[in-house]
Amino acid sequence: MLFEGKKTFKDFTESQESIATNILSVRLKMLEKFGIVEKAKLPTNKKTNIYTLTDKGLSLTPVLIELVLWSKYNIQEFNPDLNLDHDLEKVEKNKKKACQTIVEKYKEFKRSILSQ
């Protein structure tokens, strides 16, 4: 959601991870219950639910950045198709600034989809 802008159930099911729909449904409900994501209707299509990160979910950004950086050095060699951002050098140089930028961009993205 944060890095790739996915917001609908369909977006998640079409992901490279290939998570089963029943598991995805349970996980989204759990994340919603924990206050990490929230569900709303797509303004342009009231039949489509969209999932967005809450402030609580966005507070996980530093943790996610650390996981991405760890993956770059420890997992990518085993999975060359792993889609890691090419600007990771900038992120490593100033993680705090990178977190702020990512969160601000996400909030802008969220406002734009909720106001369509």
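This is a short talk on the fold, buried polar residues, salt bridges and surface of one protein model.

Hi everyone, and thanks for coming. Please keep in mind throughout that we are looking at a predicted model.

Let's start with the overall picture. The protein has six helices and two strands, and if you walk along the sequence you meet them in the order α-α-β-β-α-α-α-α. The C-alpha trace spans about 40 × 30 × 25 Å along its principal axes. Of the 116 residues, 27% are buried. The accessible surface comes to about 8,200 Å², and carbon and sulfur atoms account for 54% of that. As for how the chain comes together, take the contacts with a separation of 6 or more: 50% of them are between residues 24 or more positions apart.

Now, the strands. How do S1 and S2 run relative to each other, parallel or antiparallel? They are antiparallel, and six bridges join S1, residues 37-42, to S2. S2 itself covers 45-53. The two strands form a hairpin, with two residues between them. If you would like a landmark for the pairing, find Ala 40, which stands opposite Ile 50 in S2.

Follow S2 to its end and you come to a residue I'd like to spend a moment on, Thr 54. Thr 54 sits in the loop between strand S2 and helix H3, the latter being residues 55-58. Why does Thr 54 count as buried? Its relative accessible area is 13%, and the cut-off for buried is under 20%. The Thr 54 side chain reaches the backbone oxygen of Gly 35 at 2.5 Å. Gly 35 also turns up in the contact list: setting aside neighbours within four places in sequence, Thr 54 touches Gly 35, Ile 36, Val 37, Glu 38 and Lys 110.

There is another buried polar residue to show you, Ser 15. You'll find Ser 15 in the loop between helix H1, residues 9-13, and helix H2, residues 21-33. Ser 15 is buried, with a relative accessible area of 10%. What does the side chain of Ser 15 reach? The answer is the backbone oxygen of Phe 12, at 3.1 Å.

Stay in that loop for a second, please. Ser 18 is also placed between H1 and H2, but Ser 18 counts as exposed, at 58% relative accessibility. What caught my eye there is the backbone: phi of Ser 18 is near 55°, a positive value in a residue other than glycine.

On to the charged residues. How many salt bridges does the structure hold? There are seven, and I'll pick out a few. Glu 4 pairs with Lys 6, with the closest N and O atoms 3.1 Å apart. Lys 6 is at 18% relative accessibility, so Lys 6 counts as buried. Next, the side chains of Lys 10 and Glu 14 meet in a salt bridge at 3.9 Å, N to O. Here Lys 10 and Glu 14 are both exposed.

My third example is Glu 89 with Lys 72, where the closest N and O atoms are 3.4 Å apart. Glu 89 lies in helix H5, residues 88-93, and Lys 72 in helix H4, so this pair ties together parts that are 17 residues apart in sequence. Glu 89 counts as partly exposed, at 42% relative accessibility. And the pair has company: Lys 72, Glu 89 and Glu 92 are linked in a network of salt bridges.

Since we are at Glu 89, let me use it as one end of a ruler. The other end is Ile 23, a residue of helix H2 that is partly exposed at 36% relative accessibility. How many ångströms separate the C-alpha atoms of Ile 23 and Glu 89? They are 34 Å apart, with these positions 66 residues apart along the chain as the separation.

Finally, the surface. Which residues make the nonpolar surface patch of about 420 Å²? Phe 3, Leu 60, Val 63, Leu 64 and Leu 67 do. Let me zoom in on one of them, Val 63. Val 63 lies in helix H4, residues 61-74, and at 47% relative accessibility Val 63 counts as partly exposed.

That's my tour. Thank you for listening, and I'm happy to take questions.

Methods
Residues numbered from 1 in each chain as written. Predicted model: local features only at pLDDT ≥ 70, side-chain atom pairs only at ≥ 80, totals over all residues. Heavy atoms only, no water. Patch = residues over 30% accessible without salt bridge, like charges linked within 9 Å, V, L, I, M, F, W, Y side chains within 5 Å. Areas by Shrake-Rupley, 256 points an atom, 1.4 Å probe, with all protein chains shown as cover. Salt bridge = Lys/Arg side-chain N within 4 Å of Asp/Glu carboxyl O. Helix = DSSP H or I, 4+ residues; strand = E, 2+ residues; numbered from the N terminus. Buried < 20%, exposed > 50% of the residue type's maximum accessible area, 1.4 Å probe, protein only. Polar contact = N/O pair within 3.5 Å; in protein donor to acceptor, adjacent residues only side chain to side chain. Contact = heavy atoms within 4.5 Å. Pairing = 2+ DSSP bridges.
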